Amino acid sequence: ADTSQRQQRRRDMPQSHASTSRTRPLVLAAGCFAAAAAQAPGAPIMKHSFMAPFEAVNDFTGMRVISDWELGGSAVAHRGFVRLTAEKQSQKGWIANRNSFEGGEWSLAMELRATGESQYLFGDGLAIWFTTAYDVIEGPVFGREDYWTGLGIFFDTFQNVDQQHHHKHPYIYAMVNDGTQHYVPDAEKKLDKAKQILPGAHDNSGCSFDFRYNEARQDVSVLNHTRVHITYSASQRRLNLRLQQTSVGHDGEWYQCLEAKDVELPSSGYFAISSATGDLVDNHDIMHFVVRGTEGVDNVDQDHQAWLDQQKALAAMQQSELDLRPAEAVQRDYARALAAHTASLKALSASVDKLQQQMEFQLASIQAGVAIARTTVDDKANELREVKERVEKESSSAKVISELKKDAADEMKQMKTEFKEALKSGGGVSSLSFYFLLLLIVALGGVGYNRYRKIMKSHLL
């Protein structure tokens, strides 16, 4: 009886109330989803960004290419990174965006890896550009031309001993140029701050940060990178730069490097990255370069952290695809074994990806080493060839000199014999005749000496 009464009351309940009761959780869920969407970080602007892996290959050259970006100089795209310069002297490489960026509020995230064998001698560094010029022309400023218009952020690893400064290298600093200022590294000249931010010239213009890895460091690894986060606000005329070093499974603390005020950048421009080596060398690699708009974002640092967390979540989601779903298991007895196999596949996939990056990194270094060795061998072969030719020429000259000495000795011997015979046949010679004959001998000796010098010049020079 009680059951029938409850069923009757349920049937008599107003439909609107029942509908509201059923839909209330959906409304709350939709509200939570909308709030989360409002707090979600902005997506990367792909026409101004690139991220590894790079799979596209040019059909004609066989080299990897990156959409919307142009590589030049010594820059080479590998699957897991873009190498601007290798450990080779006098290299200059760059990668430039083909599309003009327009917007006054933006966030830039770059992940780089600067490595080398030497612990103390290395150089020169790399630079991030936002300029009005699309073309990158090779020049002296970290691989790019001087007198640019726009922003240059420099990661300088080489300490110029001929300049006065009060900072330690590696040193990171920014400069804004109007196209008329000459770049002077490590200068401390008093110039217009609105035109240039000079390293060491005033506070908050740069920082010393050891972003470079070498074989002597304990944390050196092909997977250890340096993260660079740059934000710019045209409304506030403010430029900020932070740095973070990462290792496998661990992210270091963010280091506030640069906070520049009264910075005015072009309303539209082109992003680019360049690098250079001189007598000292290093590998300069870029893993990703991501540009996002930050208009309407209250806290750009929190927004960037939300984007990083989102990337980690996406990576974890891709790994979770390897998990065996309960509905796919035919028999429950196999659930534990299938889960163990899935975990093993995850670990194997991560190991293979790590091994691939390590092999690619080592292969790129080997290629650079082979190119250096080939150049060195060619130079040494040319030097040996020149030495061989010189020795052969000197041997020929020595033979000629020996023959000349022998001829001169024979001629002098013959002259002495003739002189003695003349004395005997004349029964005595007047002093005048004797001096005349002596003068003739001296003259003949002078002629022979001049001939000897001419032959020496023709064979040795």
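**A walk outward from strand 15**

Thr226 stands opposite Gln245 in strand 16. That pairing is a good place to enter this predicted model.

Thr226 belongs to strand 15, which spans residues 226–233. Strand 15 and strand 16 (residues 238–247) run antiparallel and are joined by eight bridges. Four residues lie between the two strands of this hairpin. One feature of the hairpin is Arg237, which takes a positive phi near 50 degrees. Strand 15 also pairs with strand 7 (residues 105–116). This pairing is antiparallel too, and it runs over eight bridges. Within it, Ser107 has Thr231 of strand 15 as its bridge partner.

How covered is strand 15? Eight of its eight residues are buried. Both faces are covered. Thr226, Val228, Ile230 and Tyr232 lie on one side. Arg227, His229, Thr231 and Ser233 lie on the other.

Two of these residues, Arg227 and Val228, help line the largest cavity. One cavity of 30 Å³ or more is counted. The largest cavity holds about 50 Å³ of space. Its lining also includes Ala109, Met110, Glu111, Trp254, His288, His304, Trp307 and Leu308. Strand 7, strand 15 and helix 3 (300–320) each contribute at least two lining residues. By character, the lining divides into six nonpolar, two polar and two charged residues.

Trp254, one of the lining residues, has a charged partner. Arg242 lies over the face of Trp254, 4.1 Å from the ring centre. A second arrangement of this kind involves Trp129. Arg144 lies over that ring's face, at 5.2 Å from its centre.

Now to the contacts between rings. The whole structure holds 23 aromatic pairs. One of them joins Phe209 and Tyr255: their ring centres are 5.6 Å apart and their planes meet at 25 degrees, so the pair is stacked. The pair links distant parts of the chain, 46 residues apart. Phe209 sits in the loop between strand 13 (206–208) and strand 14 (212–214), while Tyr255 is in strand 18 (residues 255–261). Phe209 counts as buried because its relative accessibility is 15%, under the 20% limit. Tyr255 has a relative accessible area of 37%, so it is partly exposed.

Tyr232 of strand 15 belongs to an aromatic cluster. The other members are Phe50, Phe54, Trp69, Phe101, Trp106, Phe130, Phe271 and Phe289.

The cluster leads to the loop between strand 1 (50–51) and strand 2, where Pro53 lies. The peptide bond from Ala52 to Pro53 is cis, with omega near 10 degrees. Asp68 is in the loop between strand 1 and strand 2 as well. Its phi is positive, near 70 degrees, though Asp68 is not a glycine. Asp68 is partly exposed, with a relative accessible area of 26%. Why do such values catch the eye? Because most residues other than glycine have a negative phi, and most peptide bonds are trans.

Phe142 also has a positive phi, of about 50 degrees. Phe142 is found in the loop between strand 9 (138–139) and strand 10 (143–144). Is Phe142 buried or exposed? Phe142 is buried, because its relative accessible area is 7%.

The last stop is Glu70, in strand 2 (residues 69–73). The C-alpha atoms of Glu70 and Ile95 are separated by 5.5 Å, although the two residues are 25 apart along the chain. Glu70 is partly exposed, at a relative accessible area of 36%.

Terms used: Residues numbered from 1 in each chain as written. Predicted model: local features only at pLDDT ≥ 70, side-chain atom pairs only at ≥ 80, totals over all residues. Heavy atoms only, no water. Buried < 20%, exposed > 50% of the residue type's maximum accessible area, 1.4 Å probe, protein only. Pairing = 2+ DSSP bridges. Phe/Tyr/Trp six-rings, centres within 6.5 Å; stacked < 30°, edge-to-face > 60°. Lys NZ or Arg CZ within 6 Å of the ring centre and 35° of its normal. 1 Å grid on protein atoms, 1.4 Å probe; cavity = no way out; pocket = protein on both sides within 12 Å on 5 of 7 lines; lining within 4 Å. Points joined across faces, edges and corners; volume = space filled by probe spheres on them. Nonpolar A, V, L, I, M, F, W, Y, C, P; charged D, E, K, R; others polar.
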